[in-house]
Amino acid sequence: MAASESAHDVVIVGAGPAGTMLAIELGRRGVDVRLVERREGRLRHPRASGIHARTMEYFRQLGLAGEIRRAGGLPVEDWSAFGYLTRLKDPDIGAIDMMAAKERIASLDALSPEFLVWCAQDTLEGVLRKHALTFPSISVTYGLRAVGVVQDATGATVTAAGENGTEHRVRGRYVVGADGGRSTVRTAVGVSAPESPVMSHQVNVCFEADLRPFLRGRRYILYFIINPETQGAFVTYDGDRRWVYSWDYDPGRQSPDDFTPEYCADVIRTAIGSSDVDIRVEGTFFWKVQSALADSFHEGRVLLVGDAAHRFPPTGGFGMNSSLQDAQNLGWKLHEVLRGGAGAELLGTYDSERRTTARRNIATTLETARKAAEVGWFANDPARLAEIEGPGGAAVRQRIAEGIPGQEPQFWSYGQQFGVTYDSAAVIPDGSPPVGSTVVDYRPTARPGAHAPHVWLESSAGERLSTIDLLHSRFVVLAPPSGQAWVDAARSLAEARGTAISAFTIGAGGDFRDPDGNWAKCYGLGPTGAVIVRPDGYVAFRAADLSAEQSPAEVLGAAFGRLLGTAEPGPGGGEAGR
């Protein structure tokens, strides 16, 4: 049968969160995007559920935060805890409640305008797909499975198989593999993704049941189960009937065929502690607790995002969140290169920035996975497990309870989320020392390469808004009230280069008021200083103050030339780091 052919600016293989998000990033900039997806229907398993505050800032900028909160349906204020139990019907061994530390919760208002949201991945995908289809430059084809990719000097061609043996060839100036951990695109271009040793083989069983009689009024997102017969975790996705139970199994003793609906329901009843529960098993999903990192995220005209580029253990919920942020980082860079506003070397900064971020996330999630063993999720001590429900169980449960506070980095990771800093050719160092964050604690800084900090501002109409609300889609220049020359220079430069640049002054008499007087100090600026923030919300350049010999027009012109690869780069660059 003859093959169909089409050509586009960008072809994205895989319409999961990363692929669809990248399509949105490009489509809202008018880029001709073809999205190819093998699945024709909804994802059969809810998978990830926690959307980090950092990612919610991104959705806020796209105008999707409210819709995603509503779609998730589980307000964090009411569903904020994680419990450890022998069986679901039993009392807690212990719990961690993210909302328990009232002072810390109150302090979050100064760190971000957004907070964690619970929304199952399959639900989120529905929201993103609907939004993607509002952009006329995005076309989506379902039911096509990529089987090969060939690239040359001007682009790459994806060969895909459809129904009834049909063959399709889709060509793009660039092709992006967003096709998961077993990426066909990655394999086709010869990029390997070494895997860490397997810590555990897991099966997730999605099911429907009324478990309210066993919850004792508890509203936990995760119920970790530890007993001699099963060790796993219940995850609630709607707070009512939609659940997943995840547990480890031995692939040397069991195969996927052994996990029949009847067998899975029996394991779930054992974890509940009651044989009298009506359980409807909807599906199974097999996976490994391990990490993987592609040797490169950028190979010629082919780029990788999401699980095709990296995989993490689930502890901390960095998989889907990192994938979405890959799209945010890559989208504006691809657009600038495609329109001729930047040199092709800008795409190399995607690889250096996001690979190093992925490496950092791998290190953290592997460590939190190892810590999880201390409280029994991956327990492999038969003697301890045998005692946990018997006469000597109190001492065993106490030992587990003592390890629960050490699990905090799994559930509270503001420093890991917001403390990422980049060091690449798309960042111009200013010589200031790094400001380090831990996994848990975030220390805001506007040092070049850092996430541009949130500060509450006020519009001329008295509306409260965040600096985050000013930072999306385009480059943004921010300056103190006396910095009108920066604003004028940015507008002139935008017209001359054809680059989308916004510019604002902040403070008394500026475009936005700074009611708490925090902005200039937080951003490290004097009266004549300014920052350039990239379209992905990271600080690209900072001039704390200008000397008498410098003009904003000259400084901005040189900075944008360097950032976009249209001028000789100065010293610096290299891999991203903290």
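In this predicted model, the charged end of Arg-464 is placed over the ring of Trp-456, 3.7 Å from its centre. Both of these residues also turn up around Asp-109: setting aside neighbours within four places in sequence, Asp-109 is in contact with His-454, Trp-456 and Arg-464. Asp-109 belongs to the loop between helix H4 (102-107) and S6. With a relative accessible area of 36%, Asp-109 is partly exposed. A further reference point is Trp-486, which lies 377 residues from Asp-109 along the chain; the two C-alpha atoms are separated by 29 Å. A second arginine is also found over an aromatic face, with Arg-355 positioned above Phe-297 at 6.0 Å from the ring centre.

Aromatic rings meet one another as well, and the structure holds 24 aromatic pairs. In one of them, Phe-82 and Trp-118 are arranged edge-to-face, with 6.2 Å from centre to centre and 75° between the planes. This pair links distant parts of the chain, since Phe-82 is in strand S4 (residues 81-85) and Trp-118 is in strand S6 (residues 117-118), 36 residues apart. Phe-82 and Trp-118 are both buried. Another edge-to-face pair is formed by Phe-475 and Phe-560, whose ring centres are 5.0 Å apart and whose planes meet at 75°. Phe-475 is part of strand S22 (residues 475-479), while Phe-560 is part of helix H17 (residues 552-563), so this pair ties together parts that are 85 residues apart in sequence. Here, too, both partners, Phe-475 and Phe-560, are buried.

Ring pairs also join up into a cluster. Its members are Phe-207, Tyr-220, Tyr-223, Phe-234, Trp-243, Tyr-245, Trp-247, Tyr-249, Phe-259, Tyr-263 and Phe-286. Tyr-220 and Tyr-223 of this cluster fall within the range of strand S12 (220-226), and the loop between helix H7 (212-215) and that strand contains Arg-216. The backbone of Arg-216 deserves a look, with phi near 55°, a positive value in a residue other than glycine. Arg-216 has 53% relative accessibility and therefore counts as exposed.

Ser-473 offers another case of positive phi in a residue other than glycine, with a value near 75°. Ser-473 is located in the loop between strand S21 (464-466) and S22. At 26% relative accessibility, Ser-473 counts as partly exposed.

Helix packing can be followed in H9 and H10. Two packed helices are described by the angle between their axes and by the distance separating those axes. For helix H9 (residues 318-338) and helix H10 (residues 346-372), the angle is about 170° and the axes are 9 Å apart. H9 and H10 are therefore roughly antiparallel to each other. On the H9 side, the contact includes Phe-318, Gln-325, Asp-326, Leu-330, Trp-332 and Lys-333, while the H10 side includes Leu-346, Tyr-350, Glu-353, Arg-354 and Asn-361. Sorted by class, the contact of H9 with H10 has 8 nonpolar, 6 polar and 5 charged residues.

Two more sites bring together residues that are separated in sequence. Ser-139 is part of strand S7 (residues 138-142). With a relative accessible area of 29%, Ser-139 is partly exposed. The C-alpha atoms of Ser-139 and Asp-32 are 8.1 Å apart in space, although the two residues are 107 residues apart in sequence. Not counting residues up to four places away, Ser-139 touches His-8, Val-33, Arg-34 and Leu-35.

The second site is Gly-510, in the loop between strand S23 (501-505) and helix H16 (519-523). At 23% relative accessibility, Gly-510 counts as partly exposed. Gly-510 and Ser-460 are 50 residues apart in sequence, with a C-alpha to C-alpha distance of 9.1 Å. When residues up to four places away in sequence are not counted, Gly-510 touches Pro-481 and Thr-505.

Note on methods:
Residues numbered from 1 in each chain as written. Predicted model: local features only at pLDDT ≥ 70, side-chain atom pairs only at ≥ 80, totals over all residues. Heavy atoms only, no water. Phe/Tyr/Trp six-rings, centres within 6.5 Å; stacked < 30°, edge-to-face > 60°. Helix = DSSP H or I, 4+ residues; strand = E, 2+ residues; numbered from the N terminus. Buried < 20%, exposed > 50% of the residue type's maximum accessible area, 1.4 Å probe, protein only. Lys NZ or Arg CZ within 6 Å of the ring centre and 35° of its normal. Axes fitted to C-alpha atoms, helices over the stretch in contact; angles between N-to-C directions. Parallel < 35°, antiparallel > 145°, perpendicular 65-115°, else oblique. Contact = heavy atoms within 4.5 Å. Nonpolar A, V, L, I, M, F, W, Y, C, P; charged D, E, K, R; others polar.
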